[in-house]
Amino acid sequence: MHSYSLAIVLLAGTALALPPRFHAAVKPSCPIVFDGRIPVGTAPTSFDTYATATYFNPDYVKNLTTKWSEILKFPTVDPSRFDGTDYIPLEVTVNDKSIFQTQNGFRRAGLQFLKDTSDGPGTVGVKTLHWSVRQDAARPLNLTHEYLNAWHEAADYSSNQIQFQAGQIIGGSAADKNNFKILNRSGKSLYSVAIDKTNWQNFAIKLDYNQNQVQIYYSVGAAALKSVAGPVAADISGGGQFQLGILKKPTGTSDVVNGGYQEKNLNEGQIYGGLFLEDSADGCVTL
Ligand SMILES: *[C@@H]1O[C@H](CO)[C@@H](O)[C@H](O)[C@H]1NC(C)=O
Ligand SMILES: *[C@@H]1O[C@H](CO)[C@@H](O)[C@H](O)[C@H]1NC(C)=O
Ligand SMILES: *[C@@H]1O[C@H](CO)[C@@H](O)[C@H](O)[C@H]1NC(C)=O
């Protein structure tokens, strides 16, 4: 009866107003390297300073005078597969002021794991990054633009070794703009799947720094992850850091960092859950 009425309300498009459906979190079965799962009861202001930040870098990568407690929302939605009732989703939002330093072309706010460094444990061995995403009907992305949502940027900032993207890739076709795409360092698509407007979508990517190979896992809702691509050769050398959030590129320019067009009164968000990096040295991947 409960799930029946839930289905009706979901159809009415008010998913964000619903009380969460309760299920226990699927616990990571491999050692956690960086944990970005946010326990129930975490104070939003704890994201703002090094004294209180436990999960993410309080300073970067965002408008440096805006606080994470202003950028992040904690929407009441069904929990994601790896959050369950122990952890809460968080939503990264962008608006007209989401400008990092002088990068006036971008609107961006990206979380970095607190302990992630450009030559640290996230850049060696075999590691698997997990992230789940869900769309906020009240803060939709404009898929005419290119978005970077989760990526690993090389230590010299010259490229991203792996990039989880949405929208129309600049210089690419509009045909897959409604898809999430995982691109390799040279922009070739390794996996692509339609953006789901109502369900959690769970992704994981195994990064084998020893063999320069990646493998991609995916599932919808509470379903277990399945391998959907790879292992495939990919140049993931060069260290660097993970970033999770929104980097919205402008349209109509070849200078995306500084120029181009961004509409005014922007109010966009991407909901994340189940963020963590695990050690897959012995082949372990939490599904
Ligand atoms: C950064 O945020 C502050 C505080 O909201 C705002 O005053 C400033 O204009 C923003 N910077 C840019 C470049 O928009
Ligand atoms: C989406 O982006 C395009 C290109 O910048 C713009 O023309 C359009 O107005 C935007 N749509 C909305 C709903 O903001
Ligand atoms: C990206 O994938 C393409 C096609 O599979 C491959 O030729 C290219 O070498 C890959 N790029 C990197 C940097 O791994």
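**Note on the predicted structure**

1. The surroundings of ligand 1 come first. Ligand 1 is surrounded by five residues by name: Asn 63, Thr 65, Thr 66, Lys 97 and Ile 99. Sorted by class, this shell holds one nonpolar, three polar and one charged residues. The reader should keep in mind that the model is predicted.

2. A second ligand may be described in the same manner. Around ligand 2 stand Asn 142, Thr 144, His 145, Thr 251, Tyr 261 and Glu 263. The shell of ligand 2 comprises one nonpolar, four polar and one charged residues.

3. The record offers one annotation for the chain. An unreviewed UniProt entry assigns residues 32-283 the feature "domain: Glycoside hydrolase 131 catalytic N-terminal". In the model, this stretch is 2% helix and 40% strand. The C-alpha atoms at the two ends of residues 32-283 are 14 Å apart.

4. Which residues have the most contacts inside the largest nonpolar core? They are Trp 131, Ile 205 and Tyr 272, in a core of 52 residues. Strand S16 supplies the largest share of this core, namely five residues. Setting aside residues up to four places away in sequence, Tyr 272 touches Pro 89, Leu 90, Val 92, Trp 131, Ser 132, Val 133 and Leu 244. Trp 131, itself named among the core residues with the most contacts, is thus also listed among the contacts of Tyr 272.

5. Strand S7, residues 126-135, deserves separate attention. Ten of its ten residues are buried, so S7 is largely enclosed by the rest of the structure. In a regular strand, side chains alternate between the two faces of the sheet. In S7, Val 126, Thr 128, His 130, Ser 132 and Arg 134 point one way. Lys 127, Leu 129, Trp 131, Val 133 and Gln 135 point the other way, and the residues of both sets are all buried.

6. The pairing of S7 can be followed through its bridges. S7 and S12 run antiparallel and are joined by eight bridges; in this pair, Val 126 has Asp 208 of S12 as its bridge partner. Eight bridges also join S7 to S16, again in antiparallel fashion. Here the bridge partner of Ser 132 is Gly 273 in S16.

7. A further set of paired strands involves S9, S10 and S11. Strand S9 (residues 160-167) is antiparallel to strand S10 (residues 179-184), with four bridges between them. Within this pair, Ile 162 stands opposite Asn 184 in S10. S10 is in turn joined to strand S11 (residues 189-194) by five bridges, and these two strands run antiparallel. Leu 183 has Ser 189 of S11 as its bridge partner. The hairpin of S10 and S11 has four residues between the strands, and Gly 187 in this hairpin takes a positive phi near 85°.

8. Some backbone angles merit checking. Most residues other than glycine have a negative phi, and most peptide bonds are trans. Asn 212 has a positive phi near 50° and lies in the loop between strand S12 (201-208) and strand S13 (213-220). Asn 265 likewise has a positive phi, near 60°, and is placed in the loop between strand S15 (241-248) and strand S16 (268-279).

9. Are these two residues buried, partly exposed or exposed? Asn 212 has 14 other C-beta atoms within 10 Å and is therefore partly exposed. Asn 265 counts as exposed because it has 6 C-beta neighbours inside 10 Å, and the limit for that class is 12 or fewer.

10. Two peptide bonds are cis. One joins Tyr 60 and Val 61, with omega about -5°; Val 61 is in the loop between strand S2 (38-39) and helix H2 (68-71). The other runs from Gly 230 to Pro 231, with omega near 5°, and Pro 231 belongs to strand S14 (residues 226-233).

11. The last point concerns Asp 83, which sits in the loop between strand S3 (72-73) and strand S4 (87-88). Why is Asp 83 counted as buried? The reason is that 26 other C-beta atoms lie within 10 Å of Asp 83, whereas 20 or more suffice. Leaving out residues up to four places away in sequence, Asp 83 touches Ala 25, Arg 37, Ile 88, Pro 89, Gly 273 and Gly 274. Asp 83 and Lys 97 are 14 residues apart along the chain, and their C-alpha atoms are separated by 30 Å. Lys 97 is one of the residues around ligand 1.

Technical notes
Residues are numbered from 1 along each chain as its sequence is written. Chains are lettered from A and ligands numbered from 1 in the order in which they are written. This is a predicted model: local features need pLDDT of at least 70, side-chain atom pairs count only at pLDDT 80 or more; totals for chains, interfaces and linings use all residues. A residue is near a molecule or strand if its C-beta atom, placed from the backbone, lies within 6 Å of it. Ala, Val, Leu, Ile, Met, Phe, Trp, Tyr, Cys and Pro count as nonpolar, Asp, Glu, Lys and Arg as charged, and the others, Gly among them, as polar. UniProt positions are given in the numbering used here, feature names are shortened, and annotations may be inferred rather than shown by experiment. A nonpolar core is a set of buried Ala, Val, Leu, Ile, Met, Phe, Trp, Tyr and Cys residues joined through C-beta atoms within 7 Å. Two residues are in contact if their C-beta atoms, placed from the backbone, lie within 7 Å. Two strands pair if DSSP finds at least two bridges between them.
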